[in-house]
Structures are given as C-alpha cells and as structure tokens.
Amino acid sequence: MDKYRYEGLDNLRVVCSLSIVFVHVYSVSGYPSSLEKLINLRDFALPLMVMTSIFLLTISLKDKKTNFIEFFKLKSKRLWIPLLIWTS
C-alpha cells in the first residue's frame, strides 16, 4: 500500500463518478418520475469530486517538492493526446 493512499477517498470518488453518470443518463432519459428521490442526491457529486481531487493534488505536490507549473507540465504532456482525440 502506498504511503499516502486514501482508500476512503478512492471509494468516495467512485461513488461521485457513478452519481455524475447517473445524472447524465437521467437527463437523457426524459426525467422519469420514479427516480425523483434519487435526483435530490445528485447535487453532492461534482463538488465532492472536485474537492477530493484538489486535496489529493495538493498532497502529491507537497510530497514531490515541485511547484505547480512543473507538475502541470509533466501531467499535461501525458493528457494532451487523449484530450485532442476526445475533443476532435
């Protein structure tokens, strides 16, 4: 196990991801009334996902002793190709 592996946050991010997918599927399906109670739970997903991602980003930046610009350059090199493929 990694030194800074937060399994609870990993599980929370999975729940948030599934909730975000649910919101998209729910909106495409025409808002069936049988799921009204579940739609009230959707408002937590995106803010919680952003907060946990930022928390984990700051932990990893603190441990690597790099600044944000260097970290962003390293990560963006790995992400540009999938981003360009996805958006084109």
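A contact here means heavy atoms within 4.5 Å. With that in hand, here are the close-ups of this predicted model.

**View 1. The whole chain, an all-in-a-row run of helices reading α-α-α-α.** The secondary structure comes to four helices and zero strands. Take the contacts with a separation of 6 or more: 60% of them join residues 24 or more positions apart. Of the chain's 88 residues, 15% count as buried. The accessible surface adds up to about 7,400 Å², and carbon and sulfur atoms hold 68% of that.

**View 2. Helix α1 from end to end, residues 7–28.** There are 22 residues in α1, and the distance from its first C-alpha to its last is 32 Å, close to the 32 Å expected at 1.5 Å a residue. Just past the end of α1 sits Gly30, with a positive phi of about 90 degrees.

**View 3. The two sides of α1, with Leu9, Cys16, Ser19 and Tyr26 as its buried residues.** Look down the axis of α1 and these buried residues fall within an arc of 105 degrees, so they line one face of the helix. As a reminder, an α-helix has 3.6 residues a turn, so residues three or four places apart point the same way. Now for the other side of α1: Asn11, Leu18, His24, Val25 and Val28 are exposed there.

**View 4. Zooming in on Ser19, one of the buried residues of α1.** Ser19 has a relative accessibility of 16%. The cut-off for buried is under 20%, so Ser19 makes the list at its 16%. What does Ser19 touch, leaving aside its neighbours within four places in sequence? Phe44 and Ala45 are the residues in contact with it.

**View 5. A nonpolar patch on the surface, made by Leu46, Val50 and Ile54.** Together these three residues make a patch of about 280 Å². Val50 belongs to helix α3, which covers residues 45–64. Is Val50 buried, partly exposed or exposed? Partly exposed is the call, because its relative accessibility is 41%, and that class lies between the 20% and 50% cut-offs.

Definitions and conventions:
Residues numbered from 1 in each chain as written. Predicted model: local features only at pLDDT ≥ 70, side-chain atom pairs only at ≥ 80, totals over all residues. Heavy atoms only, no water. Buried < 20%, exposed > 50% of the residue type's maximum accessible area, 1.4 Å probe, protein only. Patch = residues over 30% accessible without salt bridge, like charges linked within 9 Å, V, L, I, M, F, W, Y side chains within 5 Å. Areas by Shrake-Rupley, 256 points an atom, 1.4 Å probe, with all protein chains shown as cover. Salt bridge = Lys/Arg side-chain N within 4 Å of Asp/Glu carboxyl O. Expected span 1.5 Å × (residues − 1). Arc of directions from axis to C-beta.
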